[in-house]
Amino acid sequence: MTNTNLMPGQYTLNDLIGGIDDGVYMETSSSWSIDDMRQNFQFGCQFGRLIEGGKLTTIVKNPIYTSDTVDFWNSCDGLGDASLWRIWGTPNCGKGQPGQNARTGQGASPGRFRRIKVGR
Amino acid sequence: MSDVIDLLHKAISKSPAEQTELVREAEEFFLTRFAENVIHQNMGRSDSTIWCRAINGRKIGIARTNELRYDSIIKTILRAHEISLLSPEDAQLTGFRKSPKASPSRGFHESTALCPPAARAEAVGKIVGIAERNALSAAGMYQTSTTSLAVVNSLGTVQEDRVAEARLSLTMTGSEGRAGFAQAFSRDVTRIDVEALAEAACRKAEKTSEPAALSPGKYTVILDPEAVADFLLFLGFLGFAGKGMVSKRSFMADKIGSRIMSELVSVYEDPDDDEMAYMPFDYEGVPRKKVALVENGIARGAVYDNYYASVMSLESTGNALQPGNSFGPYPKAMSMLPGKFPLADLISRANRAIWITHFWYLNYVNPMQTTVTGTTRDGTFLVENGKVTRRLKDMRIQQSMLEAFNNIEAVSVERRVVPKYGALMRVPTLLIKDFNCTAVV
């Protein structure tokens, strides 16, 4: 899937963050791993900020989150609006034996996901 | 002197740059892919690339072409020269070197270079026959290739040689998620025992009990060579590479001479190893050297190209990658020394352990702590009282590799060469305690 876009929602970033009592705002991507059935995954970030009482507070280094694909997407209860939507992507999506690279693009805005296991 | 060297010499003599280097790599690559017990792809690829690096003062320019005509090479030299003049100065650039002639390659076998498509198809036929007799489905790939490399620079370096290689990897799958993986590498295709490899994959995919799900936690594990090689490759990327030593982004920086792993671990960059027989010089024409990376658990060193060696006031170890890469030098032929336990003894020593035959999708979590995550795949088993008792559901792992290599309890006598990307690793099976399994997949 070289071009997979998630349609934007209706929330501002303040709306998304304001609806969280205890959470993490995950920013930047640094590590990714998913099983061969594309179910269990774990992603890491370089930089994140704690969300406490609906506000961004302390910086956290190298936060990670892990879940099951179906559980994860069922836990989504808010997506950022079109003004927050942009194309992301990677130049080295690798597949196959021997390995081959593909350029991929993924459009998305920030999302809010409930009850996700996080760590560092 | 070959026609290629003649051509490079003739072209380099026309360079207006103060120093010039030409590298020519040629590849003959053949591949058969199969899935669901059927060959679905046969392909061959023949390609050559010529890189030019031109140095003027402390400025360097790099250009490349895959047009091999003399006038195209001259254009590439002029482009590299022009790029160098437009580039910023690099105060650490010290220029090219004259390297001594490397020893002749021991990694070329005509049996591999001339292996016909019919031989690959016949091998896949044997694999499919074994799969069908075991009510399994085989998928994988069989590839043979020959790589020729020539390096000439205006300081007098002249190197030219070639290596061949054969790789076979296959997965047998059955109902209820049963799967078994096996792979082989050899410079000499006739040394790959296709039937034995297919039978080994079948045994891992045998129908036994329903797979059990273990709770997340710390377990003793047995890592097959394929799993050990995954860890070693990441350690190579993260720690044994000269660029990381210079920037201090390597876990080895400031640790040379210190104990970082179990004393059971010794790892060398050993390009002249009998089984790996790597190309005897690198992309700068520097002969590859044997380098102690870890000896008896003590950090000893890393691998370098001319640039990063110069910054560290060291000599190149002959580990330059292709010109223009952003990675810096990497180890390419790592050898982990064997232990004293036959494989069967190593399994019988385990009271309760997870036997991991293969990792999937490893990625780093914290490079300086050497923490990686990934899952097991294609054969995960429970060992109880020294015997393999049942299949397990795959598990996600999150583990510091240094911590794991510090927790080694036994190392096997037997070793295998495992190819991964452009690197080879000759590694044993390991018994490791307190290995962190974080979730059932």
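Me: What makes β1-β10-β9 of chain A an open sheet, and which strands are its edges?
Reply: In this predicted model, 3 strands line up in the order β1-β10-β9 of chain A, and their pairing is mixed. The edge strands are β1 (3-5) and β9 (86-95) of chain A, since each pairs on one side only. Neighbouring strands here are turned by 20 degrees against each other on average, direction ignored.

Me: How do you know that β1(A) and β10 of chain A are paired?
Reply: Two strands count as paired if there are at least two bridges between them. β1(A) is joined to β10 (residues 100-108) of chain A by 3 bridges, so the pair meets that cut-off. These two strands run parallel, and Thr4(A) stands opposite Gln106(A) in β10(A).

Me: What makes β7 of chain A mostly covered?
Reply: A residue is called buried when its relative accessible area is under 20%. In β7 (residues 64-68) of chain A, 4 of the 5 residues are buried.

Me: Which strands does β7(A) pair with, and in what sense?
Reply: One is β4 (residues 40-44) of chain A, which pairs with β7(A) in the antiparallel sense over 5 bridges. Another is β12 (residues 117-119) of chain A, joined to β7(A) by 3 bridges and also antiparallel. Ile64(A) takes part in both pairings: its bridge partners are Gly44(A) and, in β12(A), Gly119(A).

Me: Why does Cys45(A) form no disulfide?
Reply: A disulfide needs two cysteine sulfur atoms within 2.5 Å. The closest cysteine sulfur to that of Cys45(A) is in Cys76(A), 16 Å away, so it is too far for a bond. For Cys93(A), the closest is the sulfur of Cys45(A), at 18 Å, again too far for a bond. Over all chains, the structure holds 0 disulfides.

Me: Why is Cys45(A) called buried, and what is Cys93(A) called?
Reply: Cys45(A) has a relative accessible area of 6%, which is under 20%, so it is buried. Cys93(A) has 23%, which lies between the cut-offs of 20% and 50%, so it is partly exposed.

Me: Which residues have the most contacts inside the largest nonpolar core?
Reply: They are Phe231(B), Phe240(B), Phe405(B) and Phe435(B), in a core of 56 residues. The largest share of this core, 9 residues, comes from helix α6 (residues 225-238) of chain B. Apart from it lies another core, of 25 residues, including Val124(B) and Leu197(B).

Me: What does Phe435(B) touch?
Reply: Leaving out residues up to four places away in sequence, its contacts include Tyr219(B), Phe231(B), Ile356(B) and Ile397(B).

Methods: Residues numbered from 1 in each chain as written. Chains lettered and ligands numbered in written order. Predicted model: local features only at pLDDT ≥ 70, side-chain atom pairs only at ≥ 80, totals over all residues. Heavy atoms only, no water. Axes fitted to C-alpha atoms, helices over the stretch in contact; angles between N-to-C directions. Buried < 20%, exposed > 50% of the residue type's maximum accessible area, 1.4 Å probe, protein only. Core = buried A, V, L, I, M, F, W, Y, C linked by side-chain atoms within 4.5 Å. Contact = heavy atoms within 4.5 Å.
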